[in-house]
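This report describes a single protein model for a reader at the bench. Please keep the sequence and the structure at hand while reading.

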Amino acid sequence: MRQLRRAKDAMDRDWADPDLDLAAVAAHAGYSRFHFIRAFKETYGETPGQYLSRRRIERAEDMLRSADLAVTEVCFLVGFSSVGTFSATFKRQTGLTPSEYRTRHVGRGTALIPGCYALLWAGGFPARADAPDAQDAPDAQESGADRDRNS
């Protein structure tokens with residue numbers, strides 16, 4: 001039971017990581033993937049994939065209610081790598097598309113947090129593999145005088 005709780009804690013902690021997959025979570029529990037799925041479902045009543053999707057959609061609901069972010073931005077911030085998968089999963093769980101959900105729930109509480117603040121708090125988007133490194137950009141490099149002045 002402790003191994004399953006450790007794996008569930010890993011999903012609760014790292015829910016936004018798009019690289020969090022079944023193999024990684026099963027490794028936290030020290031089980032094979034297939035044994036882990038059976039044990040997790042027997043204990044918690046849903047598969048690890050269903051649990052992780054549910055947690056991500058719960059976070060997305062919160063972001064759609066409270067932050068002024070595009071649906072695409074929310075999709076990537078909560079760990080989905082495809083807007084289509086995110087929208088289909090969101091609708092299956094809530095009965096509404098993300099846009100319909102936002103329209104229905106915005107304005108019932110405090111003002112929306114500006115998207116730039118929400119992105120800053122969430123750490124922004126993960127760096128893309130095809131994006132040029134900031135280190136290689138000429139305006140990102142400091143001259144020796146700038147380095148000495150900033151030290």
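The sections below treat the overall architecture, two of the helices, the salt bridges and two individual residues.

## Overall architecture

The model is predicted. It contains nine helices and two strands, and along the sequence these elements follow the pattern α-α-α-α-β-α-α-α-β-α-α. The protein has 151 residues, of which 28% count as buried. Its accessible surface comes to about 9,800 Å², and carbon and sulfur atoms contribute 50% of that area. Among contacts with a separation of 6 or more, 58% are between residues 24 or more positions apart.

## Helix α3

Helix α3 covers residues 33-44, which makes 12 residues. The distance from its first C-alpha to its last is 16 Å, close to the 16 Å expected at 1.5 Å a residue. Which of its residues are buried? They are Phe36, Ala39 and Phe40. Viewed down the axis of α3, these buried residues fall within an arc of 100°, and they therefore line one face of the helix. The spacing of such residues reflects a general property: an α-helix has 3.6 residues a turn, so residues three or four places apart point the same way.

The cover over the buried residues of α3 includes α1 (2-13), α2 (22-29) and α4 (48-66). On the other side of α3, Phe34, Arg38 and Glu42 are exposed. Just after the helix, glycine 45 adopts a positive phi of about 85°.

## Helix α4

Helix α4 has 19 residues, which should span 27 Å at 1.5 Å a residue; the C-alpha atoms at its ends are 27 Å apart, so the two values agree. Its buried residues are Pro48, Tyr51, Leu52, Arg55, Arg56, Ile57, Ala60, Glu61, Met63 and Leu64. The list includes the charged residues Arg55, Arg56 and Glu61. Of these, Arg55 takes part in salt bridges, whereas Glu61 has none.

## Salt bridges

How many salt bridges does the protein contain? The count comes to six. Three of them are set out here.

| Acidic residue | Basic residue | Closest N to O distance |
|---|---|---|
| Aspartate 12 | Arginine 55 | 3.2 Å |
| Aspartate 14 | Arginine 13 | 3.5 Å |
| Glutamate 58 | Arginine 55 | 3.6 Å |

Aspartate 12 forms a salt bridge with arginine 55. Aspartate 12 belongs to helix α1 and arginine 55 to helix α4, so the pair ties together parts that are 43 residues apart in sequence. Is arginine 55 buried or exposed? Arginine 55 counts as buried because its relative accessibility is 18%, under the 20% limit. Aspartate 12, at 23% relative accessibility, counts as partly exposed.

Arginine 55 also meets glutamate 58 in a salt bridge. Both residues lie in helix α4, three residues apart, which is about one turn of the helix. Glutamate 58 is partly exposed, with a relative accessible area of 28%. A network of salt bridges links Asp12, Glu46, Arg54, Arg55 and Glu58.

The remaining pair in the table joins arginine 13 and aspartate 14. Arginine 13 is exposed, its relative accessible area being 54%, while aspartate 14 is partly exposed at 26%.

## Glutamate 61

Glutamate 61 is found in helix α4. Although buried, glutamate 61 has no salt bridge. Where is the nearest side chain of opposite charge? That side chain belongs to arginine 65, 4.8 Å away. A salt bridge requires the nitrogen and the oxygen to be within 4 Å, so this pair does not qualify. Leaving aside residues up to four places away in sequence, glutamate 61 touches Phe90, Thr94 and Tyr101.

## Valine 71

Valine 71 lies in helix α5, which covers residues 71-77. With a relative accessibility of 16%, valine 71 counts as buried. What does valine 71 touch, not counting residues up to four places away in sequence? Its contacts are Leu64, Phe86, Pro98, Ser99 and Arg102. One of these, Leu64, is also among the buried residues of α4. The C-alpha atom of valine 71 is separated by 8.8 Å from that of serine 87, a residue 16 positions apart from valine 71 along the chain.

Key. Residues numbered from 1 in each chain as written. Predicted model: local features only at pLDDT ≥ 70, side-chain atom pairs only at ≥ 80, totals over all residues. Heavy atoms only, no water. Helix = DSSP H or I, 4+ residues; strand = E, 2+ residues; numbered from the N terminus. Expected span 1.5 Å × (residues − 1). Buried < 20%, exposed > 50% of the residue type's maximum accessible area, 1.4 Å probe, protein only. Arc of directions from axis to C-beta. Contact = heavy atoms within 4.5 Å. Areas by Shrake-Rupley, 256 points an atom, 1.4 Å probe, with all protein chains shown as cover.
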